[in-house]
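Visitor: I should like to learn how to read a protein model. Where should one begin?

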Amino acid sequence: MNHNRNVGIRGEDIAARWLEQRGMTILERNWRGRHGELDIVALDGPTLRIVEVKTRLQGNEETLSGSLGADKLRALRRTAQDFLAASAGLPAEEVFFDLVVVVFMPDGSWETEYIPCFFYPQW
């Protein structure tokens, strides 16, 4: 497994714990559908949250807009539709797409930023 994949897995672990600490129930991690993968699917009361996790090393110049372009958002929406079709009867009143950004510092610490409802898909 390469270094970037290890960093990504560690970031997803941190994001999942962070969401659970705020009362969300993690239903799925790395759920795969026909159109892609959902990093985290969580239930927040009656709201289903599709959570994309982006992990960065401090100083990495890659922008979020570069990694969350139109094609990625379209795949995310389609994969969420796959999940909803496979999970008929899930007690969710609303579906939101959230973003968690985990930035690792050189000293081994990290910062977490949570952006609820980072985009609204055209279903």
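Guide: One begins with helices and strands, which are DSSP runs: at least four residues for a helix and at least two for a strand. In this predicted model, the chain has three helices and five strands.

Visitor: In which order do the elements of the chain run from the N terminus on?

Guide: The order is α-β-β-β-α-α-β-β.

Visitor: How does one judge the overall form of the chain?

Guide: One may compare the radius of gyration with that expected for a compact globule. For 123 residues the expected value is near 14 Å, and the chain agrees because its radius of gyration is 14 Å. Its C-alpha atoms fill a box of roughly 45 × 30 × 25 Å along the principal axes.

Visitor: What percentage of the residues count as buried?

Guide: A residue is called buried when its relative accessible area is under 20%. Here 40% of the 123 residues meet that description.

Visitor: Which residues have the most contacts inside the largest nonpolar core?

Guide: That core has 15 residues, and those with the most contacts inside it are Leu38, Val41, Leu48, Ile50, Leu76, Phe83 and Phe97. At least two core residues come from each of β2 (36-44), β3 (47-57), α3 (70-86) and β4 (94-104). The largest share, four residues, is supplied by α3.

Visitor: What is Phe83 in contact with, leaving aside its neighbours within four places in sequence?

Guide: Phe83 is then in contact with Glu28, Trp31, Leu38, Val41, Leu48 and Leu90. There is also a second, separate core of 14 residues, including Val7, Leu19, Ile40 and Ala42.

Terms used: Residues are numbered from 1 along each chain as its sequence is written. This is a predicted model: local features need pLDDT of at least 70, side-chain atom pairs count only at pLDDT 80 or more; totals for chains, interfaces and linings use all residues. Side-chain values use heavy atoms; hydrogens and water are left out. The radius of gyration is taken over C-alpha atoms; the globule rule is 2.2 Å times the number of residues to the power 0.38. Buried means under 20% relative accessible area, exposed over 50%, partly exposed in between (1.4 Å probe, protein chains only). A nonpolar core is a set of buried Ala, Val, Leu, Ile, Met, Phe, Trp, Tyr and Cys residues joined through side-chain atoms within 4.5 Å. Contact means heavy atoms within 4.5 Å.
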